[in-house]
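Dear colleague,

Please find the structure below, with the sequence alongside. My notes on the findings follow it.

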Amino acid sequence: MERFELARDAVIKAGEALRQCHLDKSEVERKSGHQDLVTYWDRETEQFLRRRILSAFPQDSVVGEEYPPEEHSPSGMTWYLDPIDGTTNFINQHRNYAISVGCWNGGEPLFGMVLDVERQCLYWGKHGGGAWRNQTPIHVSDRNRIPELLVTTPGIQKTFLEDHPYRDWLIRLARDVRGVRSLGSVALELCEVAAGEADLFAALRSSPWDHNGARIILEEAGGAAYSLDGGPLPLQTKSTVLAVNDEKLMEELRKRYWEGQGEV
């Protein structure tokens, strides 16, 4: 079985288990604080995915959210796993959460896969093969005028209410665009941009397992991902994220908000 087929099979099976699970309060724990949570099912899902990958490809490396990296890597292949992206949504809503997998050969993307678990909707993209939602091709929107944009961010509090170096220009942007939405899942919100349902995404905090699957889908759909300072989005370290539907939009953002030029 090739890596892509193994990933698809494992993600679908893991999603079936999550849809059927009954979360007990005793299975929820705090990590760094009351807004940073983990459940028994986060750990169980990651262990399931790790076992499936490493039993078939023992020379590959695995980087996941809940366990230390397993770096075996003569093959050069690294898998980035987020077993439940949107754990708060999983706990409070039991919807709007995802399983995310990204497979890279060194710094080269191979494929990304994001399962919207409750909707049973699989976003995926292979390098050079386009982006898909189930069996339907997807593409970013063609909106590039600021007043037409729908912006999404996974955390309203952190993005707009807390002090950080990007706060002023993000607030200005929020006032200028058509609307701002928050789903609470980095992977699913990047897929919204890939599918043309949002036009721009901004996150103050994101880890490699959060975005390294969905960024492949986004790029295959015609979009691009950066850090919030406009630099390259790193592969192996935590970062801010700015995802856009088009390079032209990125240039417009630089001109209008970072250089302080232009008017709506």
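In this predicted model, helix H5 (residues 167–176) and helix H9 (residues 247–258) pack at an angle of about 110 degrees. Angles of 65 to 115 degrees count as roughly perpendicular, and H5 and H9 are therefore described as roughly perpendicular to each other. Their axes lie 10 Å apart, and H5 passes H9 in a right-handed crossing. On the H5 side, the contact is made by Trp169, Arg172, Leu173 and Asp176; H9 contributes Leu253, Arg256, Tyr257 and Trp258. Sorted by class, this contact comprises 5 nonpolar and 3 charged residues, with no polar ones.

Helix H5 also belongs to the surroundings of a sheet. Five strands form this open sheet, in the order E11-E10-E12-E14-E13 and with mixed pairing. Strand E11 (179–181) and strand E13 (224–226) stand at its edges with a single partner strand each, so one side of each has no neighbour in the sheet. On average, neighbouring strands are turned by 20 degrees against each other, direction ignored. Strand E10 (residues 150–152) pairs with E11 in the parallel sense over 3 bridges, and Leu150 has Gly179 of E11 as its bridge partner. H5 packs on this sheet, touching E10, E11, strand E12 (200–206) and strand E14 (239–244); the direction of H5 makes about 150 degrees with that of E12. Helix H6 touches E10, E11, E12 and E14 as well, and its direction makes about 160 degrees with that of E12.

A further open sheet is formed by 7 strands in the order E3-E4-E5-E6-E7-E8-E9, again with mixed pairing. Here strand E3 (61–64) and strand E9 (136–138) are the edge strands; each has a single partner strand, so one side of each is left without a neighbour in the sheet. The twist averages 20 degrees from one strand to the next. E3 and strand E4 (residues 77–85) run parallel and are joined by 4 bridges, with Ser61 partnered by Thr78 of E4. Helix H2 (residues 40–56) lies across E3, E4 and strand E5 (98–105), running at about 155 degrees to E4. Helix H6 (residues 186–194) packs on this sheet too, touching E4, E5, strand E6 (108–116), strand E7 (121–126) and E9. The direction of H6 makes about 105 degrees with that of E6.

Finally, the structure holds 8 aromatic pairs. In one of them, the ring centres of Phe4 and Phe111 are 5.4 Å apart and the planes stand at 85 degrees, so the pair is edge-to-face. Phe4 lies in helix H1 (residues 3–20) and Phe111 in strand E6, 107 residues apart, so that this pair links distant parts of the chain.

With kind regards

Notes:
Residues numbered from 1 in each chain as written. Predicted model: local features only at pLDDT ≥ 70, side-chain atom pairs only at ≥ 80, totals over all residues. Heavy atoms only, no water. Pairing = 2+ DSSP bridges. Helix = DSSP H or I, 4+ residues; strand = E, 2+ residues; numbered from the N terminus. Axes fitted to C-alpha atoms, helices over the stretch in contact; angles between N-to-C directions. Contact = heavy atoms within 4.5 Å. Parallel < 35°, antiparallel > 145°, perpendicular 65-115°, else oblique. Left-handed = near helix turned anticlockwise from the far one by under 90°. Nonpolar A, V, L, I, M, F, W, Y, C, P; charged D, E, K, R; others polar. Phe/Tyr/Trp six-rings, centres within 6.5 Å; stacked < 30°, edge-to-face > 60°.
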